Each structure stands twice: as structure tokens, then as C-alpha cells.
Amino acid sequence: MNRAQREAAVRQIMERTVPRPPPGLHTDAVRRGTRVLRRRVLARRLLWLLLGTAAVAFAVWAAVAEPWVEPPSETTPPLTGW
């Protein structure tokens, strides 16, 4: 296929009429897009709720367990009576 034939084929393709979309395509796309958006918003809210719950649980555990305090020594008895 030479250049003139390719150009003719391209012109023929471009001169065709544009096919019409189905009549209910727009409403279906809007409905699906709304559903996807709603799911994303719900997922984002659930993740924020999970993150907040984890932060509160960690804060409560840290306040109760006090992991920053050194545990008492149990290897030697306390020195009394000196």
C-alpha cells in the first residue's frame, strides 16, 4: 500500500458518519458514576473512622500500660537495713 492509497483510506474513514450512541447510554453512565462516587466517599469515611479508632485504642493502651516506664528490677532484692 503506497502513500496515496493510505491517504485515500484515511480520508474514507474520516468521512464516514459518526455512529450514534445508544439512547440510554448517558443516563446509565451518570447512574454508574454516581454509584462509584458514593462508594468512594463511603470507603474514605470508613478508613478515617478506622484510623481514628486505632489512634484512640493506641492512646488508651499507652495510658494504661505506660510502656515508657522502666519495669522494676526483679534480679536483686531491695537494700534495706544498712
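Is Arg-31 buried, partly exposed or exposed? With a relative accessibility of 43%, Arg-31 counts as partly exposed. The legends below start with the whole chain and then move in on single spots, and the model behind them is predicted.

**View 1. The whole protein, two helices and no strands.** The secondary structure here comes to 2 helices and 0 strands. Measured out along the principal axes, the C-alpha atoms fill a box of roughly 110 × 40 × 10 Å. The radius of gyration is 35 Å, while a compact globule of 82 residues would come in near 12 Å. Buried residues make up just 1% of the 82 residues. About 8,500 Å² of the protein is exposed, and carbon and sulfur atoms supply 65% of that area.

**View 2. Helix H1, out in the open.** H1 runs over residues 3–15, which makes 13 residues. From its first C-alpha to its last it reaches 18 Å, close to the 18 Å expected at 1.5 Å a residue. How many of the 13 residues of H1 are buried? The number is 0, so H1 lies largely in the open.

**View 3. Asn-2, at the start of the chain.** Asn-2 sits in the segment before H1. A polar atom of the Asn-2 side chain lies 2.9 Å from the backbone nitrogen of Gln-5. Asn-2 itself counts as partly exposed, because its relative accessibility is 44%.

**View 4. Two salt bridges on Glu-7.** Take Glu-7 as the middle of this picture. One of its salt bridges goes to Arg-3, with the closest N and O atoms 3.1 Å apart. Another goes to Arg-11, and there the closest N and O atoms are 3.9 Å apart. That second distance still passes, because the cut-off for a salt bridge is within 4 Å. Glu-7 and Arg-3 are 4 residues apart in H1, so about one helical turn separates them. Arg-11 and Glu-7 are also 4 residues apart in H1, again about one helical turn. Why does that spacing suit side chains that meet? An α-helix has 3.6 residues a turn, so residues three or four places apart point the same way. As for exposure, Glu-7 is partly exposed at 33% relative accessible area, and Arg-3 is exposed at 60%.

**View 5. Asp-28 and Arg-31, a pair in helix H2.** Here the side chains of Asp-28 and Arg-31 meet in a salt bridge of 3.0 Å, N to O. Both residues lie in H2, 3 residues apart, or about one turn of the helix. Salt bridges that share partners join Arg-3, Glu-7 and Arg-11 into one network. Asp-28 is partly exposed, with a relative accessible area of 30%. In total, the model's count comes to 3 salt bridges.

**View 6. A nonpolar patch made by three leucines.** Leu-42, Leu-46 and Leu-49 make a nonpolar surface patch of about 310 Å². Leu-49 belongs to H2, which covers residues 25–65. Is Leu-49 buried or exposed? Leu-49 counts as exposed, because its relative accessibility is 55%.

**View 7. Glu-66, with a positive phi.** Glu-66 has its place in the segment after H2. Phi of Glu-66 is near 45 degrees, a positive value in a residue other than glycine. Most residues other than glycine have a negative phi. With a relative accessibility of 38%, Glu-66 counts as partly exposed.

Terms used:
Residues numbered from 1 in each chain as written. Predicted model: local features only at pLDDT ≥ 70, side-chain atom pairs only at ≥ 80, totals over all residues. Heavy atoms only, no water. Patch = residues over 30% accessible without salt bridge, like charges linked within 9 Å, V, L, I, M, F, W, Y side chains within 5 Å. Areas by Shrake-Rupley, 256 points an atom, 1.4 Å probe, with all protein chains shown as cover. Buried < 20%, exposed > 50% of the residue type's maximum accessible area, 1.4 Å probe, protein only. Expected span 1.5 Å × (residues − 1). Rg over C-alpha atoms; globule rule 2.2 N^0.38 Å. Polar contact = N/O pair within 3.5 Å; in protein donor to acceptor, adjacent residues only side chain to side chain.
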